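User: Could you take a close look at one strand in the middle of this chain for me, and then walk me outward to the other parts worth seeing? I have the sequence and the model open, so feel free to point at residues as you go.

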Amino acid sequence: MEVENLANGKYEGKEAIVIIGAGPAGLSAAYDLVSCGIQPIVFEKSSTVGGISRTENRDGYYFDIGGHRFLSKIDYINRLWQKMLGENLLNVRRLSRIYYKGRFFNYPLVPSNALINLGPIESVLIVLSYLRAQLQFNTEDTTFEQWVSNRFGSRLYKTFFKTYTEKVWGIPCNQIRADWAAQRIKGLSLVAALSNAILRTQKARTLVDQFVYPLQGPGMMWRSFQQAIETGGGQIHFDSEVLEIGSENGRVVGVSFSKNGQPYDIPADHVISSMPINRLVRALHRITPSEVTDAADGLSYRSFLIVNLIVRRKELFKDQWIYVHSPEVLVGRIQNFKNWSAAMVPDPEMSSVGMEYFCNEGDEIWIMPDEQLIALATSELEKLGLAQGREVVNGFVVRQSQAYPVYDEGYKDNLQTIKHFLDGIQNLQTIGRNGMHRYNNMDHSMLTGIFAAKNILGEQHDVWNVNEDEEYLEEYREERAAAALSTEILETAFCRMDKLAFAVAVGAVSGLTVFIATLWLIIKGGEVVGPHLSLLSQYFAGYSVTVKGAFIAFSYTFFWGFLFAWLFAYLRNLLVAYYIYRTKRKAEMFSLNDLFDRL
Ligand SMILES: Cc1cc2nc3c(=O)[nH]c(=O)nc-3n(C[C@H](O)[C@H](O)[C@H](O)COP(=O)(O)OP(=O)(O)OC[C@H]3O[C@@H](n4cnc5c(N)ncnc54)[C@H](O)[C@@H]3O)c2cc1C
């Protein structure tokens, strides 16, 4: 495709729409525009589509950058995936386990399986530590270590949470703030906890148990998007890195990019950017205030590399991936691509595994030469007893910088500063995972792209509202209405009882009952006035069926009624508070149970 033809990408001959990045977000934006007869221009700095969700192909072996499950609660996105790939989209029954001390543990964790695998002594110790955690209230919840130990017990935390989390983040768990876990699990409000624990458990389980996957990996999906965009007249320029964005009077006016080392400029009336937000700020350096540049520099990322090994063995293990908790190896997760789709491996006698290492750009692992990384991965595969070193016939390394936006202490403030600055540029929208410094999966990344495209067409969507908790589409209106209703019911059922009001009411009603009964018997008269009621004098000193007695009875019954009602309300509030506490804990634990899937 000729760079000189770029001007052809003008919308109705008037407006040029430039999209930065051909990952899921950028491609979805471009596809949406093309579907409306508009031809955008996409610049992609790499030589392929898919971004972090791309599929690499070496010698007929397909590798993801970490296995990518296609699963979404958004019907619109599910339909779009189906439309793009149809029968090339496989339904995969998920199997993934934790590998620890030479044993496989089901993941998400299943208590019976975990206890059997751990053996009787360790199981008893874990159960005791768990029970101790359940009996502790008001424990400090500042760090991830405390947060998990308080819910699962410190022994289970050390066995199943510590090592893997530390491998992913590269820092000790007692330096990871608890907020991070809380953010990852949601369900901290009573209603969210109850719906998580009671109402939506079934749906959540289904989502965890199976997913869809393209026959030849996610790259197949993005190639299909590429084809649709190009067929519709959109352009995708590869090896084209956007370096600078020009602006005048609060509007973007053009984009400068480099293609094969040559600089180019192109005018732009709208820019949709999925490049990492810190780099976007740098691309706007001519108008960026220093505090915004500082905020962008304050954002941090965790990177990731995958060593793909071709192994001469038909079957290695039956999982799609395993989490490696064993502390004696550096590898964090191992993908077995053949189990995602048999078509990922060209020779049925062979297997291919992706050994995933979490790292920081520039650290020891990141800069290690490829041959050394392949040797390390091969030796670790052997050390774990999953294959023999001599069975490994080939290896490739793929490095992915900025794989994980880091939610550290300062990220929220930094992001807010950047967002405020970008909000001032009317015709620039930032989308996607790194584009928004959000933990977006493919579906939410795509949705931000779709909304950005629709905004250009005149609709009004706040792309920042798209995230895991916010189901933003039409299809979710009904569900949201039902949730609102259940919120109302739950809030009414579980609200606190006003002890004083309840006690006064019960005291007054019981007092008045005896008072009126006494007066009624006096009015009724007779030889012996109120022989039965007068027996109350045994309990109420000074009581008789007289007007004075009616007041005495009122005082006594009011007092006792008040006291019992107050105690009742107190105990009821205590029990409800305990129930809420337990339910929230359960919901948190349920969510924490598949935490690693969301790392
Ligand atoms: C290890 C791992 C596993 C994951 N697993 C899953 C999963 O199972 N399921 C799931 O749904 N999601 C998963 N994700 C998340 C998923 O990868 C992302 O949500 C998705 O790729 C984000 O899409 P995007 O378009 O926003 O960004 P990206 O995929 O990062 O794409 C951005 C594109 O912009 C290009 N670009 C950047 N800067 C420039 C520039 N200056 N000029 C031109 N082009 C530029 C990049 O080269 C890239 O192609 C996983 C992520 C990781 C790291």
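Analyst: Happy to. Let's begin at strand 14 (residues 270-273), where His270 and Ile272 point one way while Val271 and Ser273 point the other way. Residues on both sides of strand 14 are buried: His270, Val271, Ile272 and Ser273. Please keep in mind that this is a predicted model.

Strand 14 has neighbours to look at. Strand 2 (residues 15-20) runs parallel to strand 14, and four bridges join the two. Strand 20 (residues 428-430) also runs parallel to strand 14, this time with three bridges. Val271 is a handy residue to centre your view on: it is the bridge partner of Val18, and Val271 is also paired in this way with Leu428 of strand 20. If you display Val18, Val271 and Leu428 together, you can follow the pairing from strand 2 to strand 14 and on from strand 14 to strand 20.

Now let's turn to helix 15, which covers residues 411-423. Helix 15 has 13 residues and reaches 18 Å from its first C-alpha to its last, close to the 18 Å expected at 1.5 Å a residue. Its buried residues are Tyr411, Asn414, Leu415, Ile418, Lys419, Phe421 and Leu422. They cover an arc of only 160° around the axis, so they sit on the same side of helix 15. The spacing is easy to understand, because an α-helix has 3.6 residues a turn and residues three or four places apart therefore point the same way. On the face of helix 15 turned away from this buried side you will find the exposed residues Lys412, Asp413 and His420. Note that lysine appears in both groups, with Lys419 among the buried residues and Lys412 among the exposed ones.

Next come the salt bridges, which number 12 in this model. A good one to start with joins the side chains of Asp32 and Lys454, at 3.2 Å from N to O. This pair links distant parts of the chain, since Asp32 lies in helix 1 (residues 24-35) and Lys454 in helix 16 (residues 442-456), 422 residues apart. Asp32 and Lys454 are both buried.

Another salt bridge brings together the side chains of Arg313 and Glu391, at 3.0 Å from N to O. Here too distant parts of the chain are linked, with the two residues 78 apart: Arg313 is in the loop between strand 15 (301-311) and strand 16 (321-324), and Glu391 is in the loop between helix 14 (370-383) and strand 19. Arg313 counts as partly exposed because its relative accessibility is 29%, whereas Glu391 is buried, with a relative accessible area of 14%.

While you are in this region, have a look at Ser401, which belongs to strand 19 (residues 392-405). The C-alpha atoms of Ser401 and Arg302 are separated by 7.4 Å, although the two residues are 99 apart along the chain. At 23% relative accessibility, Ser401 counts as partly exposed.

Earlier in the chain, a network of salt bridges links Arg54, Glu56 and Arg58. Within it, the closest N and O atoms of Arg58 and Glu56 are 3.5 Å apart. Glu56 is buried, with a relative accessible area of 17%, while Arg58 is partly exposed at 28% relative accessibility.

Just past Arg58 comes Asp59, in the loop between strand 4 (55-58) and strand 5 (61-64). Its backbone deserves a glance: Asp59 has a positive phi of about 55° although it is not a glycine. Asp59 counts as exposed because its relative accessibility is 60%. Lys101 likewise is not a glycine yet has a positive phi, of about 50°. You will find Lys101 in the loop between strand 7 (96-100) and strand 8 (103-107), where it is exposed with a relative accessible area of 64%.

Let's finish on the surface. Phe559, Trp560, Leu563, Phe564, Trp566, Leu567, Tyr570, Leu571 and Leu574 make a nonpolar patch of about 890 Å². One of these residues, Leu567, is found in helix 19 (residues 547-592), and it counts as partly exposed at 40% relative accessibility.

Definitions and conventions: Residues are numbered from 1 along each chain as its sequence is written. This is a predicted model: local features need pLDDT of at least 70, side-chain atom pairs count only at pLDDT 80 or more; totals for chains, interfaces and linings use all residues. Side-chain values use heavy atoms; hydrogens and water are left out. Patches are made of residues with over 30% relative accessible area and no salt bridge: like charges are joined within 9 Å, nonpolar side chains (Val, Leu, Ile, Met, Phe, Trp, Tyr) within 5 Å. Accessible areas come from the Shrake-Rupley method with a 1.4 Å probe; for residues, only the protein chains shown count as cover. A salt bridge is a side-chain nitrogen of Lys or Arg within 4 Å of a carboxyl oxygen of Asp or Glu. Buried means under 20% relative accessible area, exposed over 50%, partly exposed in between (1.4 Å probe, protein chains only). The expected span of a helix is 1.5 Å times one less than its number of residues. The arc is that of the directions from the helix axis to the C-beta atoms. Two strands pair if DSSP finds at least two bridges between them.
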